[in-house]
Amino acid sequence: MKNADQSKNGVLLLVAGAKGAIGSTLAAALQVLQKTPELVTPYLTTADKFPDLGGPGQMEMAGWDRASVSFPEALEHCGVLEKGIWEPYAEELENIEIKAPPDAGLDFKSQVACLRADMAAFAARYADREPVVINLLPAGASHDLDQYATLEAMYEHVGDVPLPDIAYAAAAVEAGIAVVNFTPNHIEIPAVLDAANQHGVPVCGKDGKTGQTYLKVVLASALRARNLHVNGWYSLNILGNADGENLMDPDHSACKLDNKTGVLEDVLGYAPGAARWGKSAHQVRIDYYPPRGDAKEAWDVIDFEGIFGLPMSLRVNLQGRDSILAAPMVMDLARWMAALRLAGRAGAVPELAFYFKKPAGPGAPAGFADQVAALERLEKICAAH
């Protein structure tokens with residue numbers, strides 16, 4: 001039996017940080033889906049899944065952003081898409097409802113209350129859509145909140161500590177809305193997961209695995225399958241968008257770097273080079289380089305050995321487009337979470353590790369083949385309900 005209203009016909013993406021590079025690209029992609037779906041649909045991994053939700057074109061977007069600019073202005077500023085791609089949809093983009101975030105001067109509990117009111121208004125306007133909250137806020141400083149078992153305890157003690165990501169997550173789970181955390185920020189804390197289980201909603205994250213780390217999982221899985229021992233792995237990222245500039249703050253990049261580093265050890269089952277040098281030889285750097293804009297470039301140098309201990313190496317140079325890789329993943333994740341909520345799933349969803357650097361929940365599959373197999377099992381669970 002499904003644990004939801006059967007009248008839902010599509011998905012509503014409620015995006016925190018809606019006018020950033022990923023959010024504005026997402027908004028354009030959703031509009032393009034309506035008239036020229038062949039430009040978007042073939043690149044979705046859920047295009048032929050979840051018939052109860054309708055097709056990918058039955059997605060709409062609303063959300064929050066501090067910027068007062070219009071979506072066309074945001075798209076022009078971010079520079080991800082050529083004007084000719086989104087300009088035919090300028091009027092539709094202008095009509096996407098974006099609210100201002102709660103006043104930063106409010107205490108945490110009051111911010112959550114404001115967001116819950118916003119979510120109720122969005123849900124009433126789009127009553128035929130299954131809402132999913134998508135966190136696309138910038139990377140921020142981490143906070144140790146694991147000592148709070150419940151949201152009530154947090155409301156009593158955190159006061160006016162700035163916790164924007166967690167405010168959206170808390171509001172969503174209390175409102176019975178699923179949450180996708182695409183950022184490196186840690187919102188999958190005990191209090192949020194406890195509330196998600198109580199209110200019967202799924203939560204997934206964290207840190208979308210868009211380019212370099214996705215390929216790292218694939219390559220590391222292949223090397224492990226051949227018993228080729230990795231002695232070192234050096235990764236460099238250069239990007240010139242707002243995300244890259246924000247990550248120059250060590251406090252903001254700490255979680256990101258930890259997520260990117262931890263993936264490799266999880267897949268291989270050991271820290272590269274540790275047996276030889278006494279510490280891991282896996283290094284990850286992120287540098288802000290304005291000329292690249294959203295066109296991120298990533299270099300990997302992989303040192304490994306075969307029989308007789310003879311050394312070999314591999315070089316990978318990815319020239320990707322950060323938001324172009326991320327936006328379809330966000331659409332896929334929104335559809336997964338809507339389907340999972342309809343199927344009655346609650347709490348963390350580690351089976352969605354395919355999409356994340358640091359998947360939330362116990363027992364998340366690490367290797368590429370295991371991650372794909374977990375998705376197949378999860379789809380069967382959704383179909384059975």
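Lys35 is exposed, with a relative accessible area of 55%. In this predicted model, that lysine offers a convenient place to begin, and the account then moves through salt bridges, charged and nonpolar surface, aromatic pairs and backbone geometry.

The side chain of Lys35 meets that of Glu92 in a salt bridge, with N and O 3.6 Å apart. This contact links distant parts of the chain, for Lys35 belongs to helix α1 (residues 21-35) and Glu92 to helix α4, 57 residues apart. Glu92 has a relative accessible area of 28% and is partly exposed, whereas Lys35 is exposed. The count of salt bridges in the model comes to 15.

Another of these bridges joins Arg129 to Glu60, and here the closest N and O atoms are 3.3 Å apart. Arg129 sits in the loop between α5 and β4 (130-135) while Glu60 sits in strand β2, so the bridge ties together parts of the chain that are 69 residues apart in sequence. Arg129 counts as buried because its relative accessibility is 11%, and the limit for that class is under 20%. Its partner Glu60, at 29%, counts as partly exposed. A further bridge is formed by Glu97 and Lys99, whose closest N and O atoms are 3.5 Å apart. Glu97 is partly exposed, with a relative accessible area of 22%, and Lys99 is likewise partly exposed, with a value of 22%. Bridges that share partners also join Glu60, Asp128 and Arg129 into one network.

Helix α4, which holds Glu92, also contributes to a feature of the surface. Glu73, Glu76, Glu91 and Glu94 gather there in a patch of negative charge. Two elements, α2 (71-78) and α4 (90-94), each give two or more residues to this negative patch. Glu91 has its place in helix α4, and its relative accessibility of 62% makes it count as exposed.

A surface patch of another kind is nonpolar: Ile307, Phe308 and Leu310 make up an area of about 410 Å². Leu310 is placed in the loop between β9 (297-305) and β10 (311-319), and it is exposed, with a relative accessible area of 51%. Phe308 lies in the loop between β9 and β10. At a relative accessible area of 75%, Phe308 is exposed. The backbone of Phe308 also deserves attention, since its phi is near 65°, a positive value in a residue other than glycine.

The aromatic side chains form eight pairs in the structure. In one of them, the ring centres of Trp64 and Phe122 lie 5.6 Å apart and the planes meet at 80°, so the arrangement is edge-to-face. Trp64 is in strand β2 (residues 59-64) and Phe122 in helix α5 (residues 108-125), and the pair thereby links distant parts of the chain, 58 residues apart. Strand β2 is also the element that holds Glu60, the partner of Arg129. Are Trp64 and Phe122 buried or exposed? Trp64 is buried, with a relative accessible area of 0%, and Phe122 also counts as buried, at 0% relative accessibility.

The pair formed by Tyr214 and Phe354 is edge-to-face too, because the ring centres are 5.9 Å apart and the planes stand at 80°. Tyr214 lies in helix α9 (residues 212-225) and Phe354 in the loop between β11 (347-348) and α14 (368-384), so this pair ties together parts that are 140 residues apart in sequence. Tyr214 is partly exposed, with a relative accessible area of 25%, whereas Phe354 counts as buried at 14%. Both residues belong to a cluster in which ring pairs link Tyr214, Phe354, Tyr355 and Phe368.

Two backbone features remain, each in a loop that borders helix α9. A cis peptide bond joins Gly205 and Lys206, with omega about 0°. Lys206 lies in the loop between β6 (202-205) and α9. Asn227 is found in the loop between α9 and β7 (229-239), and its phi is positive, about 55°, although the residue is not a glycine. Asn227 is exposed, with a relative accessible area of 68%.

How values were computed: Residues numbered from 1 in each chain as written. Predicted model: local features only at pLDDT ≥ 70, side-chain atom pairs only at ≥ 80, totals over all residues. Heavy atoms only, no water. Patch = residues over 30% accessible without salt bridge, like charges linked within 9 Å, V, L, I, M, F, W, Y side chains within 5 Å. Areas by Shrake-Rupley, 256 points an atom, 1.4 Å probe, with all protein chains shown as cover. Salt bridge = Lys/Arg side-chain N within 4 Å of Asp/Glu carboxyl O. Lys, Arg positive; Asp, Glu negative; His and termini not counted. Charge placed at Lys NZ, Arg CZ, Asp CG, Glu CD. Helix = DSSP H or I, 4+ residues; strand = E, 2+ residues; numbered from the N terminus. Buried < 20%, exposed > 50% of the residue type's maximum accessible area, 1.4 Å probe, protein only. Phe/Tyr/Trp six-rings, centres within 6.5 Å; stacked < 30°, edge-to-face > 60°.
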